[in-house]
Amino acid sequence: MEFPKVITDFVAKEITCDHYFMPQFYPPKGDIEGFQSGYKYNSNTGENLTGVNEGDFHPNWYVICGGYANDPFWIDITEGNKNFPVYFGEHGGGMWETLIAANSLQEFEEYVQYMKYLVELEETKEVIEPLFNARFDRSNPFWELIWSEFSFTEDEEY
């Protein structure tokens, strides 16, 4: 399959963020099809793992990157008219619970860059929380999950 340039460009940038649930892994050498192993097909048997029922990994979904535990971020290839919203799901339980991470691939790239900035600040919760809240909607279950796993430096008293 030939992927739209916006997708291949995003994958090629390999923007990582040292946070458990943020992107850390990308398709090697931009091989998006090969990166679907374990999500769309079983790499040992070739068995198709997709389905169209609730909780299934749908045939139109393509994983574009993964977090520390290889929890996937994906796009629905049919949503180009929506600028490819980005979805997230955690492994486990046998069913995929879809969380919206961003309303478009461009927005997702901006979010990852900003999260990278926040993580690299290595600051206290009191410094990071207002910066996080100004950018991310914590009523969104994905961003609340991100916040719940944020690491902070400790305040040191001298």
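# Notebook: loops, strands and a pocket

I began with Glu14, which at 43% relative accessibility counts as partly exposed. The model I am reading is a predicted one. Glu14 sits in the loop between α1 and β1. I checked its backbone next. Its phi is near 45°, a positive value in a residue other than glycine. I noted this since most residues other than glycine have a negative phi.

**Glu122**

I looked up a further positive phi. Glu122 has one near 50°, and this residue is not glycine either. Its place is the loop between α2 and α3. Is Glu122 buried or exposed? At 59% relative accessibility, I enter Glu122 as exposed, because the cut-off for exposed is over 50%.

**His19**

I went back to the loop between α1 and β1, where His19 is found. His19 has 4% relative accessibility, so I count it as buried. Which residues does His19 touch, beyond its neighbours within four places in sequence? I list Gln24, Met115, Val119, Ile146, Glu149 and Phe150. For Glu149 I also have a polar contact: its backbone oxygen lies 3.4 Å from a polar atom of the His19 side chain.

**Thr45**

Thr45 is in the loop between α1 (5-13) and β1 (61-66) as well. Thr45 is exposed, with a relative accessible area of 58%. Its side chain reaches the backbone nitrogen of Glu47 at 3.1 Å. I then took a C-alpha separation within the chain. Thr45 and Lys29 are 16 residues apart in sequence, and their C-alpha atoms are separated by 24 Å.

**Strand β1**

I moved on to the strands. How many of the six residues of β1 are buried? I find six of six, and I enter β1 as mostly covered. β1 pairs with β2 in the antiparallel sense, over five bridges. I wrote down two of the partners in β2. Cys65 is bridged to Phe73. Val63 is bridged to Trp74. The β1 and β2 hairpin has five residues between the strands, and there Asn70 takes a positive phi near 60°.

**Strand β2**

Why do I call β2 largely enclosed by the rest of the structure? Five of its five residues are buried, so the description holds. I checked the faces separately. Pro72, Trp74 and Asp76 are buried on one side. Phe73 and Ile75 are buried on the other. Both faces of β2 are therefore covered, each residue falling under the 20% cut-off for buried.

β2 also pairs with β3, antiparallel, over two bridges. In β3, Phe88 is the bridge partner of Phe73. I note that Phe73 is also the β2 partner of Cys65.

**Asn140 and the start of α4**

Asn140 is found in the loop between α3 (125-135) and α4 (141-148). Its relative accessible area is 15%, so I enter Asn140 as buried. What does its side chain reach at the start of α4? A side-chain oxygen of Asn140 comes to within 2.7 Å of the backbone nitrogen of Phe142.

I followed the chain into α4. Which of its residues are buried? I have Phe142, Trp143, Leu145, Ile146 and Trp147. An α-helix has 3.6 residues a turn, so residues three or four places apart point the same way. I then asked what the buried residues of α4 pack against. Three of the elements are strands: β2 (72-76), β3 (86-88) and β4 (99-102). The helices α2 and α3 complete the list. Ile146, one of the buried residues of α4, is also among the contacts of His19.

**The largest pocket**

I closed with the largest pocket. About 220 Å³ of space lies in it. Its lining is made up of 14 residues. Which of them lie nearest its centre? They are Asp18, Val119, Phe150, Ser151 and Phe152. Val119 and Phe150 were already in my entry for His19, as contacts.

Which helix gives the most to the lining? Helix α2 (residues 105-121) does, with three residues. I sorted the lining by class last. I have six nonpolar, three polar and five charged residues.

Key
Residues numbered from 1 in each chain as written. Predicted model: local features only at pLDDT ≥ 70, side-chain atom pairs only at ≥ 80, totals over all residues. Heavy atoms only, no water. Helix = DSSP H or I, 4+ residues; strand = E, 2+ residues; numbered from the N terminus. Buried < 20%, exposed > 50% of the residue type's maximum accessible area, 1.4 Å probe, protein only. 1 Å grid on protein atoms, 1.4 Å probe; cavity = no way out; pocket = protein on both sides within 12 Å on 5 of 7 lines; lining within 4 Å. Points joined across faces, edges and corners; volume = space filled by probe spheres on them. Nonpolar A, V, L, I, M, F, W, Y, C, P; charged D, E, K, R; others polar. Contact = heavy atoms within 4.5 Å. Polar contact = N/O pair within 3.5 Å; in protein donor to acceptor, adjacent residues only side chain to side chain. Pairing = 2+ DSSP bridges.
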